[in-house]
Amino acid sequence: MTPLPAISRAVATAGAAAGLLASVATAQAPRPGPSSGASRAASSIDIPFERFTLPNGLTVVLSPDHSTPTVAVQVVYHVGSKNEVAGRTGFAHLFEHVMFTGSGHVPYGMHDRFTEGVGGSNNGNTWFDWTRYYETNPSNYLETALWLESDRMGFLLDSLNEAKFNAQRDIVQNERRQSYDNQPNGRDEEVIALAMYPKGHPYSWQTIGSMADLRAASVEDVKQFFRMYYAPNNATLAIVGDFDPANARALVTKYFGDLGRGPDITRPTVPPVTLTEEKRITLEDRVQVPRLTIAWPTVSVHSADEPALVFLRDILGNSRTARVTKELVYDRQLAADVDASHFAFEDAGQFQLSLVPRPGHTLTELESAADSIIARLKRVGPTAEEVRRVKAGQQATFINGLQSNLGKASQLALDETFFRDPSYSFRVRYPRAQAVTAADIQRVARKYLTAKRVVLSNVPMGRTALASHADRSTVVTDPFTERAETTP
Amino acid sequence: MKIRLWLSTAIVVALPAFGGAQTPALDRTAIPTPGPLPQLNVPAWTETMLPNGVKLVVSEKHALPLVSFRLNFVGGTTQFEPADRAGLADLVTRMMLEGTTTRSGNRLATDLQLLGTSLDLSIAQESGVLAFQATSDKFQPALALAADVLLHPTFPAPALERLRGQALVSLTQMRDRTGGIASMVYPKILYGAQHPYGRMTTERTLNAVTRAEVVNFHRAYFQPARAIVTVVGDVNPDSVKIAFEKAFAGWSAKGSPATFAYPAAPASAARTIYIVDKPGAEQSTFAIGTVGPPRSTPDYYAIRVMNEMLGVLFQSRLNHNIREEKGYSYGVFSNFAFGRGPGPFMAMGDIVTAKSDSALIEFMHELEDIRGKRPPTEDELAQAKASLVQSLPASFASVAGVNRSIASIYLQDLPRDYYQQFAKAVTAVTGEEVVRVARQYIDPQHFSILIVGDKKRIEAGLVATKIAPIVELNDRGERVNAAAVTP
């Protein structure tokens with residue numbers, strides 16, 4: 001059977017975001033190497049760009065690349081689920097869907113008509129810290145894309161339609177069902193975040209939000225959210241591909257120049273997150289195979305430790321040679337699968353390790369085996385070869401990413417949003433990542449992979465005894481699901 | 001809590017209206033006129049027949065120091081995997097990465113990572129591939145590792161048991177998802193377990209695989225006579241030829257080209273709804289369709305255009321109606337598989353449990369209407385064609401994209417100027433042809449309708465639609481009750 005195509009207008013799921021953050025994280029100029037290809041890579045590979053700001057506060061980044069006759073337009077708004085208020089979780093993402101229902105001068109359907117309908121594409125993604133919208137078009141449709149994006153930035157409310165809003169609210173509830181509620185392990189991140197962050201903390205709920213809050217959202221909420229956050233001074237526009245910069249600058253001024261500036265936004269101060277003790281929780285799920293996830297609070301994209309945590313991730317999991325995978329899947333065969341991840345948000349971070357047991361082995365066994373491996377890494381640190389492996393992978397990923405106009409647009413716009421520097425990833429973070437040493441990795445392992453963590457056992461319904469150290473684990477429910485409402 | 005308080009306050013701040021325009025007002029109702037369409041530049045390539053029967057295809061692309069390598073094989077599981085060994089080819093490709101005569105599996109993985117690359121090795125229904133992408137300075141060492149994996153794997157017996165164990169866990173996890181169950185059961189419904197397109201991997205077929213079968217499959221399958229090497233990127237044909245012949249020096253001519261002789265698909269039965277029960281499911285996974293035409297059909301282009309407006313574009317009829325208008329789903333699609341044989345046509349998607357009956361009615365409406373009751377509008381036709389033709393340059397943006405595009409010409413046995421001719425053929429399709437192929441290839445009277453969902457909450461509604469009798473299957477595709485529930 002043909003796999004289902006990727007779905008447009010999707011919430012950035014944990015998996016997708018991990019990919020995105022990885023690409024941001026590895027988007028750097030490679031350093032000089034001995035052979036011809038690598039030295040060419042070092043001397044001439046960069047992402048040339050120009051940056052300017054319109055009087056209304058819109059920041060614009062232009063990066064021409066004429067290798068393919070296409071152009072990517074991306075607008076990143078500095079607002080995400082983090083900015084939601086109590087009782088309206090999931091709203092930033094629902095709002096993203098509303099942005100595709102037409103605006104003052106662009107009737108519903110026109111956006112697709114002048115992207116997909118001319119051989120291009122469009123989509124939007126919402127995350128904790130940002131919401132982005134993009135079009136990739138044949139290069140002769142650049143102006144059309146700017147017309148579309150500027151109209152919804154300025155005139156969304158002029159055509160707001162209750163029926164269209166209601167349909168999108170149903171669609172987003174179906175998105176939640178499809179990607180979270182009806183997926184094995186789909187609610188794991190929700191209960192981990194509730195255990196990790198203090199009550200009411202902006203990262204304590206997921207971008208998809210709760211079913212009850214989604215149902216409660218109204219057209220009035222759309223108006224308030226739009227006026228607060230959807231203004232040029234809270235947005236970055238990146239254009240990458242086959243275009244003339246002078247012409248693009250003129251078009252940007254033409255379409256975005258007369259949009260009014262929005263209010264200044266005071267952003268929440270988010271205190272660093274630490275746990276005072278280990279939290280052990282059990283979630284019952286419609287699964288046959290249990291899964292253990294260990295999650296540690298770490299640091300944000302702004303931390304100097306962030307690159308070393310990415311190295312730590314790849315040294316522990318995600319390849320055959322990674323320590324936890326090698327020992328538990330290959331050598332001792334206790335586990336069928338191991339997955340390691342690091343999510344670096346704007347104001348917080350999470351390091352996670354997930355383990356699926358082979359039949360005949362328990363989550364308790366897996367936890368204790370993983371802990372021994374981590375303890376050993378903290379004692380001795382990684383080998384030089386382990387560090388070189390990760391660096392080689394990051395370099396290849398960077399050069400590969402340069403082939404995508406959309407990928408570059410995304411990186412430039414997000415770096416501007418977070419760091420006020422579109423080149424942050426490849427001119428600041430990359431040298432930092434290249435300088436990561438075995439000692440740095442050992443140090444961050446010791447600093448962050450401590451006993452103050454969340455340990456989640458996802459187990460088949462009614463089988464809470466399968467949890468790791470079940471006697472010390474608290475059975476929790478997920479308050480965000482419909483299931484929680486219908487089957488009390 | 002402070003944060004919450006702040007946000008609640010901030011959101012109710014009254015905002016001034018937008019400031020007035022600085023320049024003469026822009027007429028935003030005017031849709032910008034696009035400039036001329038950029039010219040389509042199809043990448044060129046060279047083709048060389050090597051003495052051992054391998055076809056070597058090279059396309060230069062020097063924008064970045066990158067190389068994409070594919071060793072493609074014509075023919076796949078439906079030609080080479082025995083019916084009672086479904087899953088064997090997948091185990092073979094995993095076993096090939098478990099070590100060679102000179103490298104352990106762990107050493108091999110380490111060496112690949114140090115080169116910043118990885119091997120993508122897989123066998124699909126009608127083709128197989130051993131592929132990697134590397135920076136151009138790492139091309140030759142990466143090629144040597146690919147050759148080592150293909151020519152000198154050792155197939156250690158303990159690794160087979162480990163991989164089998166992992167595959168069995170994956171199979172169990174797949175049955176926890178409504179979509180996983182649908183993807184396993186639907187081919188069997190359409191083609192029957194005996195047809196190569198209808199086979200299903202089960203615990204039984206996985207447990208039956210022996211190491212000797214893995215060794216034999218590898219020997220029989222990976223033959224030069226059915227191989228096409230496609231290399232794209234910062235290279236030139238001469239150096240690639242030298243490098244390939246050196247790395248694959250021991251690979252001698254053997255085997256014969258694959259043949260694609262499929263048995264006839266089973267005669268189409270009367271329309272039936274098949275339910276697989278998934279208690280508690282929030283959504284039902286739908287698959288609605290029939291046996292479809294092969295890739296070689298002369299109606300290929302008209303079908304592509306028709307399907308684009310039926311269920312590919314975001315504003316296609318199915319997605320516009322069922323997602324955007326009704327809100328029953330996060331997205332629905334339709335697809336023609338277009339194999340060498342008669343691959344399936346399917347409309348599919350995940351539907352909220354409570355609307356399973358209403359969604360089925362809408363699926364049936366759209367699939368019926370495209371057959372003439374509601375012929376395509378001029379704009380539907382224009383968008384469907386443009387989306388196919390004008391998206392071509394984007395598929396040539398990356399070295400891997402160019403490589404896939406070129407490889408598919410060889411794997412599907414298409415003319416060398418296929419991409420140059422594509423626009424012409426698509427543009428020539430008329431609205432009348434769209435209706436004709438819809439009538440010919442979408443056959444609602446014989447739809448097999450699979451719905452995997454919470455039976456106790458969806459069955460009565462589905463019966464009430466009177467669309468078809470209902471047959472219940474288990475998650476292996478076997479009948480649960482002898483008698484069908486008739487409406």
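Biologist: Why are H13(B) and H18(B) called oblique to each other?

Modeller: Helix H13 (residues 356–373) and helix H18 (residues 431–441) of chain B pack at an angle of about 130°, and their axes are 7 Å apart. Axes are lines fitted to C-alpha atoms, for helices over the stretch in contact, with angles from 0 to 180 degrees between N-to-C directions. Angles under 35 degrees count as roughly parallel, over 145 as roughly antiparallel, 65 to 115 as roughly perpendicular and the rest as oblique, so H13(B) and H18(B) are oblique to each other.

Biologist: Where do these helices come from, and how far can I trust the picture?

Modeller: This is a predicted model: local features need pLDDT of at least 70, side-chain atom pairs count only at pLDDT 80 or more, and totals for chains, interfaces and linings use all residues. Residues are numbered from 1 along each chain as its sequence is written, while chains are lettered from A and ligands numbered from 1 in the order in which they are written. Helices (H or I, at least four residues) and strands (E, at least two) are DSSP runs, numbered from the N terminus.

Biologist: Which residues make the contact of H13(B) with H18(B)?

Modeller: H13(B) brings B:Ile370, B:Arg371 and B:Gly372, and H18(B) brings B:Val435, B:Ala438 and B:Arg439. Residues are in contact if their C-beta atoms, placed from the backbone, lie within 7 Å. This group divides into three nonpolar, one polar and two charged; Ala, Val, Leu, Ile, Met, Phe, Trp, Tyr, Cys and Pro count as nonpolar, Asp, Glu, Lys and Arg as charged, and the others, Gly among them, as polar.

Biologist: What makes H14(B) and H17(B) roughly antiparallel?

Modeller: The axes of helix H14 (residues 378–389) and helix H17 (residues 418–427) of chain B cross at roughly 175° and come within 10 Å. That angle is past the bound, and H14(B) and H17(B) are therefore roughly antiparallel to each other. B:Lys385, B:Leu388 and B:Val389 of H14(B) meet B:Phe422, B:Ala423, B:Val426 and B:Thr427 of H17(B). Five of these residues are nonpolar, one is polar and one is charged.

Biologist: Over in chain A, why do E9 and E12 stand at the edges of the sheet?

Modeller: Six strands of chain A form an open sheet with mixed pairing, in the order E9-E10-E8-E11-E7-E12. Strand E9 (335–344) and strand E12 (474–476) each have a single partner strand, so one side of each is left without a neighbour in the sheet. From one strand to the next, the twist averages 20°.

Biologist: How do you know that E7 and E11 of chain A are paired?

Modeller: Strands pair if DSSP finds at least two bridges between them. Seven bridges join strand E7 (residues 279–285) of chain A to strand E11 (residues 454–460) of chain A, and these strands run parallel. A:Lys279 stands opposite A:Val454 in E11(A). Helix H12 (residues 323–331) of chain A also packs on the sheet, touching E9 and E10 of chain A.

Biologist: How do you know that the domains of chain A touch?

Modeller: Domain 1 (14–256) and domain 2 (279–398 + 424–486) are divisions of chain A, with bounds from an automatic or database domain assignment. Their contact takes 29 residues from domain 1 of chain A and 39 residues from domain 2 of chain A. The domain 1 side divides into 18 nonpolar, five polar and six charged residues.

Biologist: And which helix gives the largest share of the side of chain A that touches chain B?

Modeller: In all, 86 residues of chain A are in contact with 84 residues of chain B. H14(A) gives the largest share of the chain A side, nine residues.

Conventions
Contact = placed C-beta atoms within 7 Å.
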